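Please walk through this model with the sequence beside you. The route goes from charges to cores, and then to a few single residues.

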Amino acid sequence: MAEEVYHCIAPDETASRLRTHIEKGLSSSEIEKRVKEHGYNELTEKPRPGFLKMLLDQFNNFLIIILIIAAIVSLALGEYVDAIAIMTIVVINAIVGVIQESKAEQALAALKKMAAPNAQVIRDGHQQTIASRELVPGDIVLIEAGNYVPADMRLVEGFNLKIEEASLTGESVPVEKVAAVVLDKEIPLGDRKNSAFMSTLVTYGRGKGIVTGTGMHTQMGLIADMLQSYEEEATPLQNKLDQLAKVLASGVWPFAASFLYGALSGTLTWG
């Protein structure tokens with residue numbers, strides 16, 4: 001199902017599609033229905049593997065397995081310095097791997113910190129303050145300088161409104177918003193001057209908007225989803241090293257096994 005967009009339609013039509021009223025907002029009964037339908041306005045985490053699982057995954061590599069075997073062989077032969085050096089490399093690799101995998105969680109936590117704690121809304125014809133997580137599509141939200149935008153919105157009013165969207169688009173200069181303009185459907189995110197996006201910062205003026213997306217259905221939600229879905233692919237060098245490790249293992253393993261057996265059984269002779 002294609003994502004519904006609102007920057008290409010007028011504010012009145014947006015209100016009609018979302019079954020809301022620009023001046024009165026949603027009714028209490030309608031809000032309850034929409035919370036059940038859309039859930040809370042918050043970024044959610046997918047189940048993540050535990051620390052032990054992430055640690056064990058670092059050893060699921062052919063080259064690492066060969067290094068561990070090499071360390072065991074060195075230890076059996078009394079080459080303690082070599083064994084310690086090899087295992088140090090293996091442990092450092094595992095630690096770095098776990099840290100890398102934890103970065104997605106840290107990035108998501110950073111996104112959550114940018115979320116607005118509260119929002120000014122119009123519900124049942126009255127202005128009130130609510131927790132931002134309680135916002136639903138169709139809510140009428142008021143924003144002003146100093147506020148973080150609590151959800152994705154189609155603006156319906158703007159008075160000298162400027163919003164810094166660096167966290168979303170990378171644009172360092174605040175964007176001047178124009179609520180009345182109707183834009184082309186395919187216009188890039190950074191040029192949607194009639195919209196405001198979750199976790200961006202209002203730097204000047206004030207405005208009013210209709211919530212069009214909440215939680216994971218916002219632009220920030222898409223980023224959070226990508227962060228959690230990302231799986232690091234092996235580089236060409238890593239692939240080559242893995243292939244080399246397999247070749248070495250197939251050729252060296254019989255000799256290594258024979259060498260180890262001889263060393264342990266006391267039948268190995270030198271010179």
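Over which ring does the charged end of Arg 206 sit? The ring belongs to Phe 159, and the charged end lies 4.3 Å from its centre. A charge counts as sitting over a ring if NZ of Lys or CZ of Arg is within 6 Å of the ring centre and within 35 degrees of the ring normal. Lys 162 also meets this rule: Lys 162 lies over the face of Tyr 204, 5.9 Å from the ring centre. Pairs between rings are another matter. Rings of Phe, Tyr and Trp (its six-membered ring) pair if their centres lie within 6.5 Å; planes under 30 degrees apart count as stacked, over 60 as edge-to-face and the rest as tilted. By that rule the model has zero aromatic pairs.

A word on the ground rules. This is a predicted model, in which local features need pLDDT of at least 70 and side-chain atom pairs count only at pLDDT 80 or more, while totals for chains, interfaces and linings use all residues. Residues are numbered from 1 along each chain as its sequence is written, and side-chain values use heavy atoms, with hydrogens and water left out.

Now the charged pairs. Side chains of opposite charge can pair when their charged atoms come close. A salt bridge here is a side-chain nitrogen of Lys or Arg within 4 Å of a carboxyl oxygen of Asp or Glu. The whole structure holds eight salt bridges. One of them joins Arg 17 to Glu 13, with N and O 2.9 Å apart. Both residues belong to helix α1 (residues 11-17). They are four residues apart, so about one helical turn separates them. Helices (H or I, at least four residues) and strands (E, at least two) are DSSP runs, numbered from the N terminus. Arg 17 is partly exposed at 37% relative accessible area, and Glu 13 is partly exposed at 36%. The cut-offs are these: buried means under 20% relative accessible area, exposed over 50%, and partly exposed in between (1.4 Å probe, protein chains only).

Next comes Arg 19. Its salt bridge partner is Glu 30, with the closest N and O atoms 3.9 Å apart. Arg 19 lies in the loop between α1 and α2 (28-38), and Glu 30 lies in helix α2, so the pair ties together parts that are 11 residues apart in sequence. Arg 19 is exposed, at 57% relative accessibility. Glu 30 is buried, at 19%. Arg 34 joins these two in a network of salt bridges.

What does Glu 23 pair with? Its side chain meets that of Lys 208 in a salt bridge, 3.8 Å from N to O. This pair links distant parts of the chain, 185 residues apart: Glu 23 is in the loop between α1 and α2, and Lys 208 is in strand β7 (residues 201-213). Glu 23 is partly exposed, at 48%. Lys 208 is buried, at 6%. Contact means heavy atoms within 4.5 Å. Beyond four places in sequence, Lys 208 touches residues including Ile 22, Glu 23, Ile 122, Ile 140 and Leu 155. The C-alpha atoms of Lys 208 and Ile 140 are 7.0 Å apart, though their positions lie 68 residues apart in sequence.

Turn to the interior. A nonpolar core is a set of buried Ala, Val, Leu, Ile, Met, Phe, Trp, Tyr and Cys residues joined through side-chain atoms within 4.5 Å. The largest has 16 residues, and those with the most contacts inside it are Leu 135, Val 141, Ile 143, Met 153, Leu 155 and Ile 163. Strands β1 (118-123), β3 (140-144), β4 (152-164) and β7 each supply at least two of its residues. The most come from β4, which gives four. Apart from this core lies another, of nine residues, among them Ala 15, Ile 22, Ile 122 and Ile 140. Leu 155 touches Pro 11, Ile 143, Leu 161 and Lys 208, among others more than four places away in sequence.

Two more residues finish the tour. Ser 74 sits in helix α4 (residues 62-76). Ser 74 is buried, at 12% relative accessible area. Leaving aside neighbours within four places in sequence, Ser 74 contacts Glu 79, Asp 82, Ala 83 and Ile 86. Thr 44 lies in the loop between α2 and α3 (51-57). Thr 44 is partly exposed, at 40%. Its C-alpha atom is 9.1 Å from that of Lys 112, 68 residues apart along the chain.
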